[in-house]
Amino acid sequence: MSTRLQKGGRLIDRSKPLQFTFNGRRMSGYAGDTLASALLGAGQMLVGRSFKYHRPRGIMASGAEEPNALVGLGEGGRFEPNQRTTTTELFDGAVLESQNHWPSLEFDIGAINNRLARLFPAGFYYKTFMFPRFAWKHVFEPVIRRSAGLGKAPRHRDEDRYEHAYAFCDLLVVGGGIAGLTAALAAGRQGKRVWLVEQTPHWGGRAVVDGAQIDGMEADAWVRQALQTLRAMPNVTLRERTMAAGLYDHGYVLLYERVADHTPGDGRPRHRLWRMRAGHVITATGAIERPLAFAGNDIPGVMLASAVRDYVVNWAVSPGDRTVIVTNNDDAYRTALVLLDAGLSVPAVIDARPGGGGELAQAVRERGVRVLDGKGVAQVKGGKRVTGVSVCNHAGEGAEIEFIPCDVVAMSGGWSPVVHLWSHCGGKLIWDEERAMFRPDPNRPPTGADGQAMVTAAGAANGMLLVQEVLEDAHSAAGGTGAAPGGFCAAEERILPVWIMPQGAGPELRAKMWLDPQNDVKVSDVELAAREGYESVEHTKRYTTLGMATDQGKVSNINGLAVLSQALNRPIPETGTTTFRPPYTPISMGAIAGEARGEIFQPMRRTPMHGWHETHGAHFEPVGQWRRPYCYLRTGEGIQDAVNREIRNVRNAVGLLDASTLGKILVKGPDAGRFLDKMYTNMMSTLPVGKCRYGLMCNENGFLMDDGVVVRLSEDSWLCHTTTGGADRIHAWMEDWLQCEWWDWKVYTANLTEQYAQIAVAGPNARALLERLGGMDVSKEAFPFMTWREGTLGGFRARVYRISFSGELSYEIAVPASEGLALWQALLEAGEDLGVAPYGTEAMHVLRAEKGFIMIGDETDGTVIPQDLGLDWAISKKKEDYLGKRAQQRPYMVSPERWRLVGLETLDGSVLPDGAYAVDEGYNANGQRNMQGRVTSSYYSPTLDRGIALGLVRRGPERMGEVLEFPVDGGRVIKARIVDPVFYDKEGERQNV
Amino acid sequence: MSKAVSALQGEKHAGFVEVAEAGLRGMVTLRGDLGASKVKKAVKAVTGLPVPAQRRIEIADGKAVAWMSPDELLLMVPYGDAPATVEALQQALAGEHHLVADVSDARAVFTIRGEKAHQVLMKLCPVDMERFEEGEIRRTRAAQVAAAFWKSGPEEFTLVSFRSVAAYVMGLLEVSSRPGSELFE
């Protein structure tokens with residue numbers, strides 16, 4: 001049993017007990033506990049089951065490297081799976097649930113996989129993909145999907161909120177241990193703008209647990225003093241609970257701040273993602289202890305030696321009464337001393353080194369502990385908890401020399417610097433033979449825009465493990481002047497690299513040595529992969545799943561690649577490491593989304609009349625980021641009924657359309673006419689002042705990209721209307737040409753789209769309605785079709801265009817956006833007895849289709865040229881050039897075989913499905929029917945009481961009267977006749993009144 | 001003029017700072033050769049202010065001139081004065097290649113007021129607020145939309161966005177100024 005000690009615990013506050021539950025059982029801990037220390041303190045070592053074999057899993061580590069102790073945390077809208085108990089703070093009322101077991105943690109049916117382990121070798125998943133072929137879909141996938149995977153996906157909407165923040169600094173120091181503090185002090189004293197971030201809520205890192213002496217003080221006291229000094233510096237920002245998740249080009253760093261994980265529901269954002277630009281980064285991220293690979297090393301109770309002393313010193317938790325320590329280096333002896341000080345027993349220290357350890361080993365011996373040099377663990381005994389270890393000669397094959405009963409095994413295989421941030425942006429590593437570790441290669445750092453190093457590794461993250469070298473390294477990394485803080489700790493003997501224990505272990509033992517306890521990868525799996533031809537460490541990772549999932553192999557990678565190297569009989573540096581990718585540990589999706597959720601998930605653009613639409617039954621559709629009324633529903637009315645009513649109202653009375661979203665770009669200057677002649681296919685320079693002209697815009701490839709009415713405002717200025725979706729794009733397109741190609745032309749543009757509210761007033765009663773507003777002569781004579789007038793209309797500052805997209809008598813009125821709602825209401829009021837009513841975009845679409853007017857995005861799709869649409873009349877023959885002209889002369893563009901615009905009338909009057917294809921004789925190379933055309937727009941026309949459609953058909957206009965076949969759902973074929981695309985009022989008499 | 005209403009009609013929220021829609025403001029875009037003496041004179045004549053240097057804004061007596069790009073200024077005047085300002089500029093710049101346009105109604109204006117006003121902007125705009133100076137204007141983005149802001153008082157910033165996204169920007173400001181979400185003490 002693990003338990004809480006009577007005394008001690010530097011991080012807990014015994015005056016503040018906190019209650020929580022684990023799988024429904026009530027437990028208690030203290031303020032300052034992590035979930036892991038609280039669980040251990042409450043006697044709970046078994047916390048989950050492994051991924052593949054469902055083996056019992058206990059807490060193994062005390063920090064970010066923990067592979068096992070993941071839980072589902074919270075309930076309902078605050079439930080989140082895979083929360084790492086070692087890095088999550090305890091809070092009152094926490095609800096924890098273990099993962100990956102069924103029906104219970106104590107008794108798990110999936111554990112039968114464990115008995116069948118020989119059937120789940122390395123590459124099991126890949127092998128199931130391959131053979132037999134039917135088996136993946138019908139056998140393996142359903143079973144694997146049910147039994148594999150970690151945690152449950154949340155089912156409720158996240159109750160918390162999240163945010164981003166931007167920050168800038170000269171130097172970001174990552175890691176609040178003694179290295180980070182030293183670097184921040186050195187840089188802070190130089191006046192640099194420094195940020196120092198620490199992922200835990202506590203400063204000082206390992207040194208405060210391991211008992212170093214700094215500047216003649218205990219590490220704890222020195223850390224307090226350093227913090228005091230730093231807090232007094234206005235140029236230094238300290239941030240706890242903040243992890244540097246990733247490092248990117250140009251000193252861009254993502255910092256993940258867990259603002260309120262420990263105070264859920266207090267109204268603060270749960271997480272904050274800092275998006276930082278740092279001039280330089282010092283990674284003082286410390287090191288992670290490696291496990292040792294001996295048989296049974298995954299049994300609950302086998303822990304990292306450093307974690308064992310963390311639990312005792314920081315949280316006054318005893319992981320067990322009798323702890324056997326297994327090591328290949330001196331550091332683990334510190335754990336023995338800590339346990340002895342806490343009054344716990346250490347039956348033995350098993351040291352793989354034939355010559356044993358140094359000063360620390362001596363100190364342990366002097367406390368009366370058996371130290372067994374040159375020995376190893378042959379096997380750990382136990383099921384859901386360690387019961388003892390069988391000791392062997394490390395040099396041998398694992399024959400038991402003696403059995404030592406114990407309930408904890410504290411192991412240390414040495415330390416691996418945390419090189420993740422260093423590596424994210426291309427920093428390289430070197431294999432340090434003497435220290436048996438990969439550490440940052442100072443000659444190959446990640447470089448910034450200036451080609452210089454943008455990261456410096458410092459302290460343990462740079463491979464420095466002794467206090468004095470840590471302090472000196474960090475001080476110099478920050479360019480510190482004067483002497484570094486002076487440190488003292490015991491001298492240490494050299495580490496002996498141990499990748500499997502004992503070194504001569506046979507297959508039986510190797511199949512029980514876990515490398516990756518989260519993903520159930522054993523020494524035998526990596527060796528099998530090597531035998532099957534896997535040489536690249538990256539391929540081996542994917543094949544065996546070594547180092548995958550939520551911990552990304554923080555404890556398993558180095559051991560795994562060392563085993564692979566041994567199996568391939570080549571040196572470790574030749575095998576190399578897998579790629580370190582951000583984030584360092586998983587960050588929440590909420591933090592990535594930031595504030596973008598709910599109403600502000602995306603910007604929604606609203607016209608000045610949007611509120612009116614909302615309160616008058618508008619059924620909206622998205623058009624770009626705008627929401628436009630598709631139609632206005634009256635009580636009890638269906639959508640199609642509303643659309644039909646609105647169309648009839650425009651044809652018979654008068655309708656109002658909110659056209660404010662149309663793009664409006666002012667183009668002005670001595671060269672503006674010349675410029676627009678290039679932009680449009682037709683001539684705009686000759687348009688007289690006071691008139692309007694419909695224009696087409698093509699890209700360099702000749703394809704039609706936008707259309708709209710161009711207005712000549714004055715001698716040197718034009719207003720170009722674009723489609724709703726095209727406004728920003730076309731403005732940028734114009735500026736692109738002006739700034740990059742024709743930079744010497746005197747033309748200025750301004751996007752005035754949002755300056756004006758624009759209302760189309762369309763229908764036979766349109767003129768009468770405008771006359772009622774008064775102030776402007778809108779008669780046929782004074783205000784002819786395709787002209788515009790400026791003045792006062794009903795007291796509004798208005799510019800009125802007599803243009804029509806419906807085929808009816810129509811005016812479009814533009815007023816300052818701030819007055820748009822007032823004009824809209826004035827028109828509705830003045831036209832009540834004229835039958836005025838708003839109409840939406842769908843009515844607009846049908847009205848224009850009845851007239852055969854094209855719509856960008858319906859009749860065009862980026863492969864259509866104006867000539868395909870019968871718009872030759874809008875293409876200037878006189879102009880020497882315009883954008884797209886040359887392209888339109890290419891052979892394929894002038895081919896008579898091109899699909900061209902026609903009208904389509906179904907023989908039975910029904911409505912063709914939009915996008916339906918007309919089939920041709922024969923089949924293509926893929927065995928599909930040949931095609932000869934497709935529907936581009938299709939509607940029910942209430943005006944004509946039948947289905948109408950526009951389509952592109954091979955040689956279409958030459959084939960009037962022919963009947964095409966459109967196969968639709970369920971083998972049904974709709975027949976439609978090719979007709980003129982103008983279905984209604986071909987002579988244009990209705991708009992020209 | 002009584003017909004004219006701003007996008008949010010003065011909506012405001014009190015969080016750890018106060019965020020409010022500031023109502024209608026006269027705004028005139030002027031594009032031209034900012035070094036030309038004719039342009040400088042015209043700007044001076046209508047606002048009483050000099051042409052600002054790069055990324056700067058000149059403010060006095062309820063009027064302002066902001067540098068927007070190497071060939072663009074934004075002139076700010078009371079809302080009702082915008083049409084006359086356009087007129088005056090056009091007359092003064094006759095014969096000079098330029099563009100003048102009233103954009104008063106294309107914009108929404110917000111104020112962020114309080115000791116920690118800059119912290120709200122830090123959450124939304126990729127701008128180094130510690131180095132942001134008085135008299136500086138920054139064209140940037142607020143989360144997903146274009147915006148510009150400047151310091152308009154000892155503890156106040158004014159932010160301008162497009163009118164159509166006024167509700168989105170107010171949503172950003174409101175959520176970013178909620179009590180408890182201060183970035184620093």
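**Helix packing, domain arrangement and the contact between chains A and B**

The buried residues of helix H21 of chain A pack against strand S37 (663-668), strand S38 (692-698), strand S39 (704-714), strand S40 (717-722) and helix H22 (727-741) of chain A. The structure described here is a predicted model. Helix H21 (residues 672-679) of chain A is mostly covered, with 7 of its 8 residues buried. The buried positions in H21(A) are Ala672(A), Gly673(A), Phe675(A), Leu676(A), Asp677(A), Lys678(A) and Met679(A).

An unreviewed UniProt entry lists residues 609-879 of chain A under "domain: GCVT N-terminal". In the model, helix accounts for 27% and strand for 30% of residues 609-879 of chain A, and the end C-alpha atoms of this span are 41 Å apart.

In chain B, helix H1 (residues 37-47) was examined in a similar manner. Val39(B), Ala42(B), Val43(B), Val46(B) and Thr47(B) are buried in this helix. Because the buried residues of H1(B) fall within an arc of 105° when seen down the helix axis, they line one face of the helix. Their packing partners in chain B are strand S5 (63-69), strand S6 (72-77) and helix H2 (82-92). Gly48(B), just after H1(B), adopts a positive phi of about 80°.

The domain assignment divides chain B into domain 1 (12-23 + 106-176) and domain 2 (26-105). The centres of domain 1 and domain 2 of chain B, taken over C-alpha atoms, are separated by 23 Å. The contact between these domains takes 9 residues from domain 1 of chain B and 10 residues from domain 2 of chain B. On the side of domain 1 of chain B that touches domain 2, strand S9 (residues 137-142) of chain B gives the most, with 3 residues. By class, this side of domain 1 of chain B has 3 nonpolar, 1 polar and 5 charged residues.

The contact between the two chains takes 37 residues from chain B and 37 residues from chain A. On the side of chain B that touches chain A, the elements giving two or more residues are strand S3 (26-31), strand S7 (99-102), helix H3 (117-124) and helix H4 (166-176) of chain B. Helix H4(B) gives the most to this side, with 6 residues. By class, the side of chain B that touches chain A has 20 nonpolar, 9 polar and 8 charged residues.

Terms used. Residues are numbered from 1 along each chain as its sequence is written. Chains are lettered from A and ligands numbered from 1 in the order in which they are written. This is a predicted model: local features need pLDDT of at least 70, side-chain atom pairs count only at pLDDT 80 or more; totals for chains, interfaces and linings use all residues. A residue is buried if 20 or more other C-beta atoms lie within 10 Å of its own, exposed if 12 or fewer, and partly exposed in between; C-beta atoms are placed from the backbone. Helices (H or I, at least four residues) and strands (E, at least two) are DSSP runs, numbered from the N terminus. The arc is that of the directions from the helix axis to the C-beta atoms. Two residues are in contact if their C-beta atoms, placed from the backbone, lie within 7 Å. Ala, Val, Leu, Ile, Met, Phe, Trp, Tyr, Cys and Pro count as nonpolar, Asp, Glu, Lys and Arg as charged, and the others, Gly among them, as polar. Domain bounds come from an automatic or database domain assignment. UniProt positions are given in the numbering used here, feature names are shortened, and annotations may be inferred rather than shown by experiment.
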